[in-house]
Amino acid sequence: MDETDYIIVGAGSAGCVLAERLSANGRHKVAVLEAGGSDRRFYVQLPLGYGKLFYDPAVNWLYRTEADPGLNGARDHWPRGRVLGGSSSINAMVWIRGHRADYEDWGRDNPGWGWDECLAAYRAMEDNEAGADDWRGAGGPLFVSANRTGLHPLVNQYVAACAEAGLAENDDFNGARQEGAGVYQMTIKGARRNSAARAFLRPAMKRPNVRVVTGALATRVLIDQGRAVGVEYRQGGETRVLRARAEVILAGGAINSPQLLQLSGIGPSKLLQSLGIPVVLDNPNVGDHLSDHQGINYTWSMTVPTYNDELRPWWGKLRAGLQYFIGGGGPLAKSINHGGGFFRTRDDLDRPNMQLYFQAFSTLIPREGERPLLTPDPWSGMSIGLSNCRPTSRGQIRLRTARAEDHPVITANAFSTNNDVEEMLAAVKFLRRIAAQPSLARLIKEELRPGPKMQSDEELIQDFRSRSGTVYHPSCTCRMGAEAATSVVDAGLRVHGVAGVRVIDASAFPNIIAGNTNAPAMLMGWKGAEMVLGDAR
C-alpha cells in the first residue's frame with residue numbers, strides 16, 4: 001500500500017495542468033495514474049501525424065457509440081486519448097476558448113466560473129505568440145501559435161469568400177468577438193505538438209514531489225464512511241492501492257470519469273445494483289447530460305493545387321518530409337484545419353451557433369486503420385466542414401459491466417431534437433453559399449460530397465444524418481451545479497454527497513462550450529487546482 005497527498009486519475013488535458021499546479025509550491029505530493037503510456041511517439045509529436053493516431057490502440061481508447069437513430073443507425077467512432085496528454089496528444093490542436101456568453105451561463109449558477117474569472121485564468125495560462133493584450137496572455141506555461149505563416153494560399157480565398165457571403169473576417173476568435181472567418185490559433189510549438197503533457201506534465205515530472213504511473217487502469221475510488229480515501233488500480237496484471245491523504249481527483253474526461261464514479265458505487269442505483277456494485281450514493285446524473293458537437297464536411301474538386309497534390313505522390317511526401325526535418329515547415333508542421341470561423345444560422349440569435357473548418361485537402365477515399373491525412377485523395381480537393389456549437393440533443397454514459405476494462409455504453413442521441421436538425425440544415429446550405437462566392441467559385445471544378453443532385457431539404461437532412469459524426473467534444477457527464485438533483489459536482493468541483501473527491505475535466509462543464517473543448521478542459525484543470533489549493537489552506 002502506498003500513500004500520497006493528491007491522486008489525479010488521468011493525465012489528460014485537465015490532469016496534466018492539475019499535476020503542474022498542485023505540485024508547484026513543493027508542499028504536496030502528487031501522484032498521477034494514467035491508463036496509457038508515454039507520449040514520446042513520432043506521430044504524437046508530428047502535428048499532422050494525428051491521422052495515424054485515429055485508430056491506434058496504443059494511444060487511443062477507440063470507443064464506439066451504440067447504434068444511433070440520429071445518424072441513420074451508425075455506430076460512431078469516438079477516439080479519446082489513452083496516453084500522457086490524453087486527447088490533447090491526439091487532437092487537431094485548435095485553440096478556441098469559446099464564446100464569453102458560454103461562461104456567463106456557467107457563472108450564473110456556479111460562482112467563480114463567470115467570464116471575467118475564466119478570462120483571467122486563460123490569460124495567466126497562455127503564452128500567445130501574438131503577444132499579450134486585453135484578451136490574450138503572454139508568459140504563461142502554454143505556448144499558443146498565432147498560425148500566421150506557412151498557410152495554404154486557398155485560406156485567403158476562403159476568408160474572402162466568407163466575407164462575400166456576409167461573414168466578415170475575424171483575426172482572433174479568442175479576442176473581442178467570436179463571430180467571423182479567419183485563421184485558427186494552434187497548440188503547436190517549434191513544429192511539434194504542444195500538448196498538455198508537453199506544456200504542463202513534463203515540467204512537473206522533474207519535481208521530486210510528482211510521480212506519474214503509466215499503464216495504471218483505475219478500477220474504483222475507495223470510499224470509507226462517506227469519504228474518498230484512495231484509488232484501486234490495475235497495473236501489469238496486479239491490483240494495487242494508492243491512498244490519498246488529501247483528495248482524489250478524477251480527470252479522466254467525459255467518458256472515463258462517470259464510468260469510474262459508477263464503478264465506485266456513485267451513480268444510478270438501479271444500474272449499479274443490477275451489476276452487483278454496492279451503492280454508495282444514488283445520483284442518476286452521473287453519466288447523464290452528455291453533450292457533443294456533431295460535424296460534417298462538404299468537399300469539392302479544384303482547378304488549382306491543394307495539399308492533396310503535395311502529400312499524395314511519393315515525391316510530394318519526400319518534399320514535405322525534407323521541409324519538416326530541415327526547416328521545421330511545410331504541411332507536416334501544422335494541423336489540417338488552417339482556417340475556420342463561427343456564424344449564426346438565424347439573425348435573431350445572440351451568438352454564433354455554428355463553427356467552420358477550412359481544409360485545403362480532401363480524404364473521401366478511406367484508408368484501413370487510419371484517417372488518411374498523410375495519404376489524401378488522388379485529385380486536387382478542398383473541404384469545408386462545420387459543427388453545431390450549442391446542440392440541444394443529450395446522451396448518456398452507462399456501465400456495460402462491472403469491469404473497468406470493458407467500455408461503457410455510450411448513447412450519443414445525435415440530432416435527436418428538431419432544433420439540432422433545423423440548425424444543421426440551415427448550416428449546410430451556408431456551406432454551399434460560401435463555395436458559390438466568386439473568390440472560391442472560380443477555383444472549383446465540382447462538388448463531390450454530397451454532390452449537386454442533393455438539393456431538397458429532405459435529401460440534405462438524410463445526407464447529414466448519414467455522413468455526420470462527432471467532432472470529438474464530449475462533455476457535461478459529471479456536470480457542475482448547485483443542486484445534486486440536477487448535477488454531479490458543485491462549483492468547487494466537489495462530488496455532491498461524498499467528501500474528498502472531485503471531478504476536474506470536461507465532464508464537469510455545466511453546458512457545452514461553443515468551439516473546440518481542449519482549451520476549456522485545460523481551464524478546468526487550472527481553475528480546479530486553484531480551488532483545491534484554496535481549500536487546503
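Here is a short walk through the inside of this protein, taking in its nonpolar cores, one buried residue and a cavity. Keep in mind that the model is predicted.

Let us start with the largest nonpolar core, which has 77 residues. Within this core, Leu-22, Trp-113, Met-125, Phe-200, Val-248, Leu-250 and Met-524 touch the most other members. Helix α15, covering residues 518-536, supplies the largest share of the core, with ten residues.

Trp-113 is a good place to pause. Setting aside neighbours within four places in sequence, Trp-113 is in contact with ten-odd partners you can look up in the structure, among them Tyr-103, Trp-106, Met-480, Leu-493, Met-524 and Met-531. There is also a second, separate core, made of 71 residues, and its members include Cys-162, Ile-296, Leu-386 and Val-428.

Next, find Gln-45 in helix α2, which runs over residues 42-45. Is Gln-45 buried or exposed? Gln-45 has a relative accessible area of 16%, so it counts as buried, since the cut-off for buried is under 20%. Beyond its neighbours within four places in sequence, Gln-45 is in contact with Asp-39, Arg-40, Ala-191, Arg-192, Arg-193 and Tyr-324.

Finally, let us look for empty space. Rolling a probe the size of a water molecule over the atoms shows where such space is left. Searching the whole structure turns up one cavity of 30 Å³ or more. The largest cavity holds about 70 Å³ of space. Its lining has five nonpolar, five polar and two charged residues. Among the lining residues are Leu-290, Ser-291, Asp-292, Asn-388, Phe-415 and Asp-420.

Methods:
Residues numbered from 1 in each chain as written. Predicted model: local features only at pLDDT ≥ 70, side-chain atom pairs only at ≥ 80, totals over all residues. Heavy atoms only, no water. 1 Å grid on protein atoms, 1.4 Å probe; cavity = no way out; pocket = protein on both sides within 12 Å on 5 of 7 lines; lining within 4 Å. Points joined across faces, edges and corners; volume = space filled by probe spheres on them. Nonpolar A, V, L, I, M, F, W, Y, C, P; charged D, E, K, R; others polar. Core = buried A, V, L, I, M, F, W, Y, C linked by side-chain atoms within 4.5 Å. Buried < 20%, exposed > 50% of the residue type's maximum accessible area, 1.4 Å probe, protein only. Helix = DSSP H or I, 4+ residues; strand = E, 2+ residues; numbered from the N terminus. Contact = heavy atoms within 4.5 Å.
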